[in-house]
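Hi,

Here is the structure I promised to pass on. Have a look, and my notes are underneath.

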Amino acid sequence: MSDKTPEQPAVDQSPENVPAPVGQSVHQVGERQGMFGVSGTGDTSGYGGLTSAILYPGPAQRPYGGWYDDVADALTAATLGAGAQHAVESVVIHRGEITFHVRREDIVAVMRALRDDPALRFELCSGVSGVHYPDDAGRELHAVYHLLSMTHNRRIRVEVSVPDADPHLPSTVAIYPTNDWHERETYDMFGLIFDGHPALTRILMPDDWPGHPQRKDYPLGGIPVEYKGGTIPPPDQRRSYN
Amino acid sequence: MSTDQDIYAGASETTDGKVFTVTGQDWDSIAQGLAEDGEERIVVNMGPQHPSTHGVLRLILELEGETVTEARCGIGYLHTGIEKNMEYRSWVQGVTFCTRMDYLSPFFNEMTYVLGVEKLLDIEDQIPEKAEVMRVLLMELNRISSHLVCIATGGMEIGALTVMTIGFRERELVLDLFELITGLRMNHAFIRPGGVAQDLPPGALDEIRAFIALMKKRLPEYAALCNANPIFKGRLVDVGVLDLEGCLALGLTGPPLRAAGYPWDLRKTQPYSGYETYDFDVQTWDTADSYGRFRVRLAEMWESLKIIEQAAERLAKMEGAPVMVADKKVAWPSQLSIGSDGMGNSLDHIRHIMGESMEGLIHHFKLVTEGFRVPAGQAYVPIESPRGELGAHVVSDGGTRPFRAHFRDPSFTNLQATSVMSEGGMVADVIVAIASIDPVMGGVDR
C-alpha cells in the first residue's frame with residue numbers, strides 16, 4: 001500500500017468537477033474501534049481493525065441565519081463593553097440549536113450580558129449540566145448552561161470547557177441564583193469546582209462519598225446476579241456495542 | 001432498649017445545646033427541657049421520613065418559638081443514579097429508566113427525552129400524527145393525575161382529608177386509563193423514539209369519553225370544597241409568597257410562575273407535538289401565593305380536559321393509522337399485540353423471522369441487542385410538565401447508547417425556593433409552602 005494520495009487527473013483537467021466542500025465543519029473527539037465498538041470479546045465481523053473518528057458538529061460560519069446573528073452581534077457588543085471581547089471561542093449550530101463556547105474566565109461577564117442586555121434578555125437559566133469527554137484533550141469537562149429569553153422567546157446554550165487537571169470555573173450563582181443547586185449537583189457528579197459558589201458541597205451523594213459518579217472513569221458498579229446456575233454480570237461488564 | 005432512645009442520634013449533648021429525640025406525643029418533655037435553659041431557639045430536623053414532606057425530603061428548620069428563621073433542604077435520599085444507568089443502555093432502553101424519575105408524571109419524563117433523541121436523529125418531521133396525538137392525550141391525562149395528587153396531598157397536610165380521598169379517587173380513574181392503554185399504572189416506557197409503543201386498544205376511546213364526562217361532574221367538587229372555604233383560604237392565602245422576580249431569579253416555572261401572573265406555558269410559547277393545533281388557554285392567578293397555585297392547578301385540569309376531548313375526537317378518525325415512524329432502522333421490529341396469554345408477542349412477526357426471513361431475524365436481533373446509532377451532538381427540548389419546565393439534555397457521541405442524559409427537573413429547581421417561601425413565617429406554613437411547590441422527590445434526586 002502506498003501512502004500517496006491517489007492521482008486525480010480528472011479534477012486537474014476540469015476544476016468544475018471538484019467535489020463541493022462539506023457544508024459543516026466538524027470537531028473530532030476521540031475515535032471508535034471496530035465495527036461495533038465491542039471490547040473484551042472479539043469483533044468477528046471482519047471489520048475489527050476499522051477506526052472511525054467521533055465527530056461532533058464544528059464551528060459555524062457567519063451568517064448564522066435568523067435571530068442567531070442578532071444574538072451573536074448583541075453579545076459581541078455587550079462583552080466588548082465588559083472588556084471580554086474574546087469571550088466566545090466558537091459558535092456551533094446543530095439541529096436548530098445554537099451553542100456559544102465561552103472561555104471560562106469570561107463566563108460571568110457573558111452571563112451578565114446575556115441576562116441584562118435589552119437585546120438579549122435571557123431571564124431564565126435552566127441550570128447547569130456537566131458532560132465528561134475523556135478524549136477531548138485539555139477540555140475534558142464541560143459545563144453546559146441552557147438559557148431562555150422569555151422576552152424574545154429564544155433559547156441558547158452556553159458551554160464552558162475546562163481541563164480535567166484544573167477543573168475550576170467561576171460560579172454564576174450571583175447572576176442566576178437558580179444555579180445554586182445545579183452547580184452543586186455538577187460538582188457532586190463531575191468534580192467541577194465553581195469558584196465563588198456560596199456553599200459548594202455535595203447535594204445528591206452523601207457528604208463523605210469518594211469520587212464523582214457521573215465521570216466516565218467512574219464505574220457504574222453492580223454485582224453479578226446468579227439465576228438458575230447462570231451468572232449475569234453487572235450492566236457495565238456485559239458485552240455491549242457502542 | 002427503650003423506645004425513646006435513638007441509637008443513631010448519638011450523644012444528647014452537643015456544643016450547640018441539648019439534643020431531644022422526638023418520637024411523638026412527647027412535646028412536654030421538650031418544652032420542659034427548654035424552659036430549664038431559657039432557650040427560645042431550636043433547630044428542628046424534620047424528615048427525611050415525615051408524612052408531609054412529600055417523600056424523603058429532609059428539612060432543617062431553625063425556630064424562634066413558632067417562627068421559622070432559617071429553612072434548608074437536605075435532598076439526595078432518593079438518588080438512584082438513573083442518569084448514569086442510562087449511559088449503559090441503548091437509546092430505546094433509556095425510556096425505561098427516565099420514566100421512573102418523577103413518578104407522578106412519567107409520560108413527561110419519557111417525552112422530553114424522546115424529543116431530544118428524535119431531534120438528534122433528525123426525524124422530528126416523520127413522527128406519525130397518531131403517535132403525536134396519543135402522546136398529547138397521555139400527557140394531558142397525566143397532568144390531571146399529577147395535579148390531583150398535588151391537591152390531594154396538599155389538602156391532607158392541612159387536615160382537609162376529604163380533598164385527599166376524592167383526589168385519589170379521581171386519580172385512580174386516570175391510572176385505570178393508563179393501565180388500559182399502556183398496560184401499566186406507572187413506569188410505562190410507552191413513548192419511544194419514533195412514536196409510541198403500541199396502538200390504542202379497542203374500547204379505549206369509549207373509556208376516555210366516559211372519563212371526560214365523569215370528570216366534568218367531579219371537578220366542580222374541588223371548587224365547591226376549597227375555593228371559598230374559609231379554613232382552606234386561611235391556611236393558603238398569603239402563604240409561601242414568591243413574586244415574578246423571585247420566580248425568575250430562582251428558576252421557578254410552572255404553576256408558581258403562572259400564579260405570579262405570567263402566562264408562560266411552553267405548550268403555547270414553544271409548542272411541540274402539535275400543541276399549537278389544540279384549543280386551550282393558559283391559566284394564571286395574580287396573588288403569587290399558595291392559594292393562587294392551587295387555583296392555577298385546578299383551572300389547568302379543566303384545560304387538560306379540553307385538550308383530551310379534542311385529542312379523543314382526532315383519534316376516533318385515525319383508526320389503524322401507524323403509531324411508529326416508518327424508518328425500520330429506528331422503529332421496533334414489530335408492533336406487539338397482547339395475546340390471549342397476556343404476553344406482548346406478535347405471532348405474525350415471529351412466524352416471519354423464524355420461518356421466512358433470515359434477514360428479518362438478523363435485523364430484529366441487531367436492533368434489539370445493539371440498538372440504533374444516533375448522530376453525535378447535543379439537544380435540549382424542554383416541555384411543560386405539571387411542575388414546570390422539564391428538559392433533557394441529551395448528548396450523543398454517535399454510538400448506540402446515550403453519552404450523557406441530564407434532566408433538568410422542575411421539582412429540583414423549584415424546591416430551592418423553600419427558604420425564601422418559608423423563612424419568617426410560621427412552622428405550620430412551611431408545609432403549605434412546600435406543598436404548593438409540589439416537589440416529587442423521585443424527580444429531585446433522580
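Below is what I found, first in chain A and then in chain B.

Bear in mind that this is a predicted model.

Chain A, the sheet: five strands of chain A make up an open sheet with mixed pairing, and the order across it is β3-β4-β7-β6-β5. The edges are taken by β3 (88-94) and β5 (124-132) of chain A; each has a single partner strand, so one side of each has no neighbour in the sheet. On average, neighbouring strands here are turned by 20° against each other, ignoring direction.

Further in, β4 (residues 97-102) of chain A runs parallel to β7 (residues 154-162) of chain A, and the two pair over 4 bridges. If you want a spot to zoom in on, His101(A) has Glu159(A) in β7(A) as its bridge partner. There is also a helix packed on this sheet: α4 (residues 179-190) of chain A touches β5 and β6 (141-149) of chain A, and its direction makes about 5° with that of β5(A).

Chain B, a helix pair: α5 (residues 129-157) and α12 (residues 290-316) of chain B pack with their axes 9 Å apart, at an angle of about 155°. That angle is over 145°, the cut-off, and α5(B) and α12(B) are therefore roughly antiparallel. The crossing of α5(B) past α12(B) is left-handed.

Who meets whom? From α5(B), the residues in the contact include Leu137(B), Ile144(B) and His147(B), and from α12(B) they include Phe294(B), Met301(B) and Ile308(B). By class, the contact between α5(B) and α12(B) has 15 nonpolar, 5 charged and 2 polar residues.

Cheers

Technical notes: Residues numbered from 1 in each chain as written. Chains lettered and ligands numbered in written order. Predicted model: local features only at pLDDT ≥ 70, side-chain atom pairs only at ≥ 80, totals over all residues. Pairing = 2+ DSSP bridges. Axes fitted to C-alpha atoms, helices over the stretch in contact; angles between N-to-C directions. Contact = placed C-beta atoms within 7 Å. Parallel < 35°, antiparallel > 145°, perpendicular 65-115°, else oblique. Left-handed = near helix turned anticlockwise from the far one by under 90°. Nonpolar A, V, L, I, M, F, W, Y, C, P; charged D, E, K, R; others polar.
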